[in-house]
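Open the model in a viewer with residue selection switched on. The stops below can be taken in order.

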Amino acid sequence: VDDFHVGAVELDASLALTPFVNVSTAIAYAGEDDSFGIGAFVIDCGIAGDGDGFPLQTKHVVKSGVSFGRFDVPFGVAYLEYPSVENRLITLPQAVLATHGAWNDTGAQFYAVGEHWTAVGYVVNGIEHPLSAEAVAPARTAAGGRASGKVDELFELGASAAWDFAAAGAVMFIGGADLSATLGPLDVRSEYLLRQVKAPGVPELTHGAYGRALFHLDPAFLIGRYDTVLDGSDTLDRRLSGGAGVELFAQGELRAVYEQSLNSDIRSVTLQLVGGSSFQPTGLRR
């Protein structure tokens, strides 16, 4: 055992200002740098939907609304597992980290969910933009969205795109496609991601993909993931991750995960005890 440490702690609170407006916040402690920060602060306003919480009632949209504040940017599907409570492999896919770095930002988003589709669009401050191998520029703004089609709760196919505009005039594009399926106790998810930027000394095209399978054996589970990242046609890293866990009590799990790089000597074994509930302040997702 190398060491014991606290990975993350999140304190959540919510307040209903009106039947249609909710305020939610998450104060997060990061064990890596021993600091507290605001993981999310969201003012969520319902617009149209079927049921309570929406001023406009309609049968054509299950729910829709607009949110303002700081949130995990809804790019692709990986952001659903940013919180440690949801991330049973403990680490995030390298393809996610290499393309948009587990994007958390401040801005506004609009979401809508139908019976067989979802749509979300956002405008946020943006990601720091590389100008060269040694220099970066602050972002001026970023905008993007995701749309998906789904078959009941079995399959969902989605596509994401975002453009990040730097103060220096450069533009960075991030895109992706994802496929999710739930077949009884088996939950399968795969995603392809790319980042395109033109700057001297910086890879023009960084892209990658991962596939993750989760098998429920209540109260236990098995999980595995294959992840690869490329610079153009050159492979930067390939990783295999596998783990198992068991529910010790309601909303509490003990997990063990092994991860190994196939292109380097990186390998790790992690034990994690995690407890809590999912934090979802918006009407769509966190």
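The tour goes through internal cavities, then a nonpolar surface patch, then a loop residue.

This is a predicted model, in which local features need pLDDT of at least 70, side-chain atom pairs count only at pLDDT 80 or more, and totals for chains, interfaces and linings use all residues. Residues are numbered from 1 along each chain as its sequence is written, and side-chain values use heavy atoms, with hydrogens and water left out.

**Cavities**

The structure holds two cavities of 30 Å³ or more. A cavity here is a set of points, on a 1 Å grid over the protein atoms alone, where a 1.4 Å probe fits but cannot get out; lining residues have an atom within 4 Å of a point. Grid points are joined across faces, edges and corners, and a volume is the space filled by probe spheres set on the points.

Select Val77, Ala78, Glu81, Asn87, Leu89, Thr91, Leu92, Pro93, Arg189, Tyr210, Arg212 and Arg225, which line the largest cavity. Its volume is about 100 Å³. Six nonpolar, two polar and four charged residues make up this lining (Ala, Val, Leu, Ile, Met, Phe, Trp, Tyr, Cys and Pro count as nonpolar, Asp, Glu, Lys and Arg as charged, and the others, Gly among them, as polar).

Next, select Leu89, Ile90, Thr91, Val257, Glu259, Ser268 and Thr270, the lining of the second largest cavity. The elements that give two or more residues to this lining are β17 (252–261) and β18 (267–275); strands are DSSP runs of E, at least two residues long, numbered from the N terminus. The second largest cavity has about 30 Å³ of space, and its lining has three nonpolar, three polar and one charged residues.

**Nonpolar patch**

Move to the surface and select Val6, Val9, Leu11, Ile27, Phe36, Ile38, Phe41, Ile43 and Phe68, which make a nonpolar patch of about 800 Å². Patch residues have over 30% relative accessible area and no salt bridge, and nonpolar side chains (Val, Leu, Ile, Met, Phe, Trp, Tyr) are joined within 5 Å. Accessible areas come from the Shrake-Rupley method with a 1.4 Å probe, and for residues only the protein chains shown count as cover. A salt bridge is a side-chain nitrogen of Lys or Arg within 4 Å of a carboxyl oxygen of Asp or Glu.

β1 (8–18) and β3 (35–49) each supply at least two patch residues, and β3 gives the most, with four. Phe68 lies in β5 (residues 63–72) and counts as partly exposed because its relative accessibility is 40% (buried is under 20%, exposed over 50%, partly exposed in between).

**Loop residue**

Finally, select Asp218, in the loop between β14 (205–217) and β15 (220–231). Asp218 counts as exposed, at 70% relative accessibility. Add Glu191 to the selection: the two residues are 27 apart in sequence and 26 Å apart in space, C-alpha to C-alpha.

Methods:
On a 1 Å grid over the protein atoms alone, a cavity is a set of points where a 1.4 Å probe fits but cannot get out, and a pocket is an open set with protein on both sides within 12 Å along at least five of seven lines; lining residues have an atom within 4 Å of a point. Patches are made of residues with over 30% relative accessible area and no salt bridge: like charges are joined within 9 Å, nonpolar side chains (Val, Leu, Ile, Met, Phe, Trp, Tyr) within 5 Å. Buried means under 20% relative accessible area, exposed over 50%, partly exposed in between (1.4 Å probe, protein chains only).
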